[in-house]
Amino acid sequence: MSGRFITLEGSEGAGKSTNVDIVCETLTEAGIDFIRTREPGGTPMAETLRDAMLHKWDEDVDGITELLLVFAARAQHLSHVIRPALAAGQWVVCDRFTDATFAYQGYGRELDLNKLAVLESWVQGQLQPDITLYLDVDPDIAEQRIAAREKDRMEVEQRDFFVRVRQGYLARAREHQRFEVINAGNPLLEVQAEVRQKTVQFIRRARSG
Ligand code: Z5A
């Protein structure tokens, strides 16, 4: 069986970290050889670009700077980690990928979606995730969940920003059949059960096709 590319997406507070664990547990139980990685990041250099992007600078960070940092990190991640793993037949579980760029920089920062699409095609070529588990949650619920933790430069954005981010994800979900939208406003155990079920179904489809 060839490698498969699984991504998880969602706004902060959607429970992404918790549910990436569930996907990985399910793959392990199925005996699948996989790597777990994240964006921005995934290589030492890309992690440095992530730090630069999330750091609370004393100067305003231009939206275009933010966009290019994300794609610079992605180019490095793709060539050093994601493409080699897929070529070796491994599965890749990635915490966020380009759908996050459309949601945060495209819809959140209101940058030109056509320019994002050009960068996407330049950096990734034809490569797209095989399945994207999108954890959808109301921004007000998400805000309550992360209220106690220390916030990075993105997390301190206002509610309107996160409303647009959610609209962006839902627009991507309508456009791409690989999306599985999961109601992450439900209790954690229910969300985890659904993530497990979707992962099992995807493994079955991969094994039969
Ligand atoms: N970013 C970008 O702008 N452009 C891009 O192209 C990419 C990324 C790739 C870092 O991402 C930032 O980069 C992110 C988008 C931007 N910024 N923001 N904002 P990240 O993935 O590292 O950051 P994060 O969204 O903060 O991730 P996280 O911590 O992994 O996510 P989380 O959804 O908050 O997960 P959690 O820690 O599992 O859950 C939060 C809390 O909620 C925790 O206490 C859980 O126990 C609780 N929880 C989770 N699910 C539930 C349910 N169902 N019920 C009740 N409580 C729950």
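This passage describes the sheet, the helix packing and a few notable backbone sites in a predicted model.

A convenient place to begin is the sheet. Five strands make up an open sheet, arranged in the order 2-3-1-4-5, and their pairing is parallel. Strand 2 (34-38) and strand 5 (179-183) take the edge positions; each has a single partner strand, so one side of each is left without a neighbour in the sheet. Averaged over the sheet and with direction ignored, neighbouring strands are turned by 20 degrees against each other.

Strand 1 (residues 5-10) is paired on one hand with strand 3 (residues 91-95), in the parallel sense and over 4 bridges. Two positions help to locate this pairing in the structure: F5 has V92 of strand 3 as its bridge partner, and I6 stands opposite V93 in strand 3. Strand 4 (131-136) is also joined to strand 1, here by 5 bridges, and these two strands run parallel as well. Within this second pairing, T7 has T132 of strand 4 as its bridge partner.

How well is strand 1 covered? Of its 6 residues, 6 are buried, and the strand is described as mostly covered. In a regular strand, side chains alternate between the two faces of the sheet. For strand 1, the residues on one side are F5, T7 and E9, those on the other are I6, L8 and G10, and all of them are buried, so that both faces are covered. The charged residue E9 is thus among the buried positions of this strand.

Two helices can be placed against this part of the sheet. Helix 4 (residues 98-108) lies across strand 1, strand 4 and strand 5, and runs at about 25 degrees to strand 1. Helix 7 (residues 159-175) also lies across strand 1, strand 4 and strand 5, with an angle of about 145 degrees to strand 4.

Turning to contacts between helices, helix 2 (residues 44-54) packs on helix 3 (residues 63-87) at an angle of about 165 degrees, and their axes are 8 Å apart. Angles over 145 degrees count as roughly antiparallel, and helix 2 and helix 3 are therefore roughly antiparallel to each other. The crossing of helix 2 over helix 3 is left-handed. From helix 2, the residues M45, A46, L49 and M53 take part, and they meet E66, L69, V70, A72, A73 and Q76 of helix 3. By class, the residues of this contact comprise 8 nonpolar, 1 polar and 1 charged.

A second helix pair is formed by helix 1 (residues 16-29) and helix 8 (residues 188-208), whose axes come within 9 Å and cross at roughly 40 degrees. Helix 1 and helix 8 are therefore oblique to each other, and helix 1 passes helix 8 in a right-handed crossing. The helix 1 side of the contact consists of T18, N19, I22, V23, E25, T26, L27 and E29, which meet L188, V191, Q192, V195, R196, T199, V200 and I203 in helix 8. These residues divide into 8 nonpolar, 5 polar and 3 charged.

T26 offers a closer look at this contact. This residue belongs to helix 1 and counts as buried, because its relative accessibility is 4% and the cut-off for buried is under 20%. Neighbours within four places in sequence aside, T26 is in contact with R196, T199, V200 and I203. One of these partners, T199, is 173 residues away from T26 in sequence, yet the two C-alpha atoms are 7.0 Å apart in space.

Finally, three backbone sites in loops deserve a glance. The peptide bond from E39 to P40 is cis, with omega near -10 degrees, and P40 is placed in the loop between strand 2 and helix 2. R96, although not a glycine, has a positive phi of about 80 degrees; R96 is located in the loop between strand 3 and helix 4. E110 likewise is not a glycine and has a positive phi, of about 60 degrees, and is found in the loop between helix 4 and helix 5 (113-124). Are these two sites buried or exposed? R96 counts as buried at 14% relative accessibility, whereas E110 is exposed, with a relative accessible area of 58%.

Definitions and conventions:
Residues are numbered from 1 along each chain as its sequence is written. This is a predicted model: local features need pLDDT of at least 70, side-chain atom pairs count only at pLDDT 80 or more; totals for chains, interfaces and linings use all residues. Side-chain values use heavy atoms; hydrogens and water are left out. Two strands pair if DSSP finds at least two bridges between them. Axes are lines fitted to C-alpha atoms, for helices over the stretch in contact, and angles run from 0 to 180 degrees between N-to-C directions. Contact means heavy atoms within 4.5 Å. Buried means under 20% relative accessible area, exposed over 50%, partly exposed in between (1.4 Å probe, protein chains only). Angles under 35 degrees count as roughly parallel, over 145 as roughly antiparallel, 65 to 115 as roughly perpendicular and the rest as oblique. A crossing is left-handed if the near helix is turned anticlockwise from the far one by less than a right angle, and right-handed if clockwise.
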